[in-house]
Number of protein chains: 2
Amino acid sequence: MPWLTHSTKNELINLICDRIWLAVVQRTLRPGARLKEEELTEIFGTTRARVRQALAILEQDGLVTIYPNRGACIAEPGVEDAQDAFSARLAIEQRLVTRLCRSASPEDIATLRDHIAQERAAHARGDSEAVIRLSGEFHMLIAKLSGAELLLKILRMLTIRTSLITAMYQTQATQTCGPDEHDRIVVAIEARDESQACHEMAHHLEHLESALRLSEAPMPVSALREALHSMAPKGET
Amino acid sequence: MPWLTHSTKNELINLICDRIWLAVVQRTLRPGARLKEEELTEIFGTTRARVRQALAILEQDGLVTIYPNRGACIAEPGVEDAQDAFSARLAIEQRLVTRLCRSASPEDIATLRDHIAQERAAHARGDSEAVIRLSGEFHMLIAKLSGAELLLKILRMLTIRTSLITAMYQTQATQTCGPDEHDRIVVAIEARDESQACHEMAHHLEHLESALRLSEAPMPVSALREALHSMAPKGET
DNA sequence: TTCCCCAAAATTGTTGACAATATCGTTGAC
DNA sequence: GTCAACGATATTGTCAACAATTTTGGGGAA
């Protein structure tokens with residue numbers, strides 16, 4: 001479940017990273033949200049040094065932005081970043097499925113099908129949080145099964161960005177694309193049809209990207225500004 | 001010149017990262033070399049905390065490996081990592097040149113040609129250190145000119161790995177491929193011939209990769225083992 | 001009222017000392 | 001003579017107090 005694991009270093013720091021990442025995925029933390037160090041220390045019951053390390057890692061990954069001497073916020077990537085991330089994902093993931101077409105074992109196929117079944121279940125029960133999370137995990141699963149550690153690391157960085165973009169620009173919480181497209185990719189992999197798998201992957205990613213292009217320009221940027229929008233311009237006091 | 005710059009955060013930490021990276025490129029620091037914190041503090045005249053931060057960043061980038069409670073060493077990627085890095089580079093850089101074919105301004109072309117001229121000069125004067133460094137910088141320059149911040153960051157990670165691999169597995173210090181292949185890529189970009197540019201890039205990277213496949217298995221891993229190899233199995237005492 | 005300046009509060013950044021852990025050399029027993 | 005356990009040393013990991021910076025609030029003058 002925590003697929004944001006770097007190495008077996010300090011477990012607490014990984015926990016902090018995972019929790020923040022999870023909170024972003026399930027929309028509890030929106031892009032632009034402030035992350036005060038002291039707040040995090042008492043939440044996780046640790047010291048400020050740990051929190052600081054975790055934030056540094058998350059900054060490297062692109063999940064948070066650290067403004068020197070002014071604190072850390074959930075990153076707010078622009079449309080440019082979105083397009084970069086999607087095009088890079090396309091390049092990386094096409095290579096991943098090509099690889100899987102050649103090396104996939106029956107167990108790998110079974111694992112993928114099992115994952116899609118979970119997606120379908122979540123979809124059926126209307127658990128939109130799980131749908132989003134599992135949808136992302138599917139792509140990470142492909143990277144894991146292809147056995148390329150480095151490509152997985154890169155894909156993680158890219159997925160973080162596309163997830164942030166989704167959180168920022170998508171109108172409705174429920175993904176429009178169900179697990180069907182994932183299924184088609186797996187079918188192509190099972191058939192060892194490399195070009196077909198690449199084609200399906202391209203189609204899938206384009207679908208994902210186009211789903212949020214719609215609301216490109218005028219969307220929520222930070223929780224603060226969002227709040228200001230729905231409030232009267234004059235406070236009480 | 002220092003093309004390993006993240007953000008305008010702390011200048012000293014970037015300096016440390018750059019210097020270590022440079023030392024690796026010019027073979028002063030070999031893969032597997034030990035990096036003691038205290039040593040680095042007195043070299044750079046800073047505190048241990050800074051050094052620690054720099055090492056953490058370099059670990060994220062894949063340049064060093066941190067063994068918990070045991071210190072940091074220059075990373076020693078395996079052949080697997082090499083192949084991953086090269087295939088990912090191919091995917092990313094083909095996208096970059098495609099992008100440049102569409103967006104390159106005359107100034108961009110001039111910048112690239114100027115860089116190649118520098119490469120030629122270094123080649124002519126036999127400055128193998130500059131040749132290696134400039135050869136890497138050429139690819140980063142393409143990423144910079146294409147204007148994709150994210151792709152540049154990813155390419156940096158990949159270049160670090162391939163450079164490490166080169167340092168580990170290449171037999172002779174002088175690169176076999178001169179700036180000619182770079183020139184061909186620029187020609188294709190100038191002609192706006194996307195497929196040709198991709199083809200040239202693929203050819204170039206394959207050339208780079210094949211240049212070190214030769215000595216695949218039995219090559220220096222760490223300075224220690226290397227020393228042991230050339231020594232009699234029995235110590236003196 | 002509106003603007004500017006200055007002090008207080010809150011937050012981040014840094015430092016140095018201390019604790020935990022691994023490595024190395026030595027001693028002692030077999 | 002060899003091996004194992006132990007203590008000394010060196011190195012990394014952690015923490016809490018201190019310093020620097022930014023933000024906030026209030027008072028005074030135009």
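Colleague: Which helices and strands each supply at least two residues of the surface near DNA strand D?

Modeller: Keep in mind that this is a predicted model. Look at both protein chains. Chain A brings helix 3 (48-61) to the surface near DNA strand D. Chain B brings strand 1 (34-35) and helix 3 (48-61).

Colleague: How many residues surround DNA strand D, and which are the closest?

Modeller: There are 15 residues around DNA strand D. The closest are Arg70(A), Lys36(B), Arg48(B), Arg52(B) and Asn69(B). Next, ask which part of the strand faces the protein. Sugar and phosphate make up 76% of the atoms of DNA strand D that come within 4 Å of the protein.

Colleague: What classes of residue form the surface near DNA strand D?

Modeller: Sort them by class. That surface has 8 charged, 5 polar and 2 nonpolar residues.

Colleague: Which atoms of DNA strand D lie 2.9 Å from Lys36(B) and 2.6 Å from Arg48(B)?

Modeller: Take each residue in turn. The side chain of Lys36(B) has an N or O atom 2.9 Å from a phosphate oxygen of DNA strand D. The side chain of Arg48(B) has an N or O atom 2.6 Å from a base oxygen of that strand. Check the backbone too. Glu37(B) places a backbone N or O atom 3.3 Å from a phosphate oxygen of DNA strand D.

Colleague: Now the other strand. Which residues come nearest to DNA strand C?

Modeller: Of the 16 residues around DNA strand C, the nearest are Lys36(A), Arg48(A), Arg52(A), Asn69(A) and Arg70(B). For this strand, sugar and phosphate account for 75% of the atoms within 4 Å of the protein. By class, the surface near DNA strand C holds 8 charged, 5 polar and 3 nonpolar residues.

Colleague: What polar atoms of the protein lie by the bases and phosphates of DNA strand C?

Modeller: Start with the base. A polar side-chain atom of Arg48(A) is 2.6 Å from a base oxygen of DNA strand C. Then the phosphates. Arg70(B) has a side-chain N or O atom 2.7 Å from a phosphate oxygen. Asn69(A) has a polar backbone atom 3.0 Å from a phosphate oxygen.

Colleague: Which element gives the most to the surface near DNA strand C?

Modeller: Helix 3 of chain B does, with 3 residues.

Colleague: One residue to finish. Is His182(A) buried or exposed?

Modeller: Read its relative accessible area. His182(A) counts as buried because its value is 1%, and buried means under 20%. His182(A) sits in helix 8 (residues 180-190) of chain A. Leaving out residues up to four places away in sequence, His182(A) touches Ile116(A), Glu119(A), Ser135(A), Phe138(A), His139(A) and His204(A).

Conventions. Residues numbered from 1 in each chain as written. Chains lettered and ligands numbered in written order. Predicted model: local features only at pLDDT ≥ 70, side-chain atom pairs only at ≥ 80, totals over all residues. Heavy atoms only, no water. Near = heavy atom within 4 Å. Polar contact = N/O pair within 3.5 Å; in protein donor to acceptor, adjacent residues only side chain to side chain. Helix = DSSP H or I, 4+ residues; strand = E, 2+ residues; numbered from the N terminus. Nonpolar A, V, L, I, M, F, W, Y, C, P; charged D, E, K, R; others polar. Buried < 20%, exposed > 50% of the residue type's maximum accessible area, 1.4 Å probe, protein only. Contact = heavy atoms within 4.5 Å.
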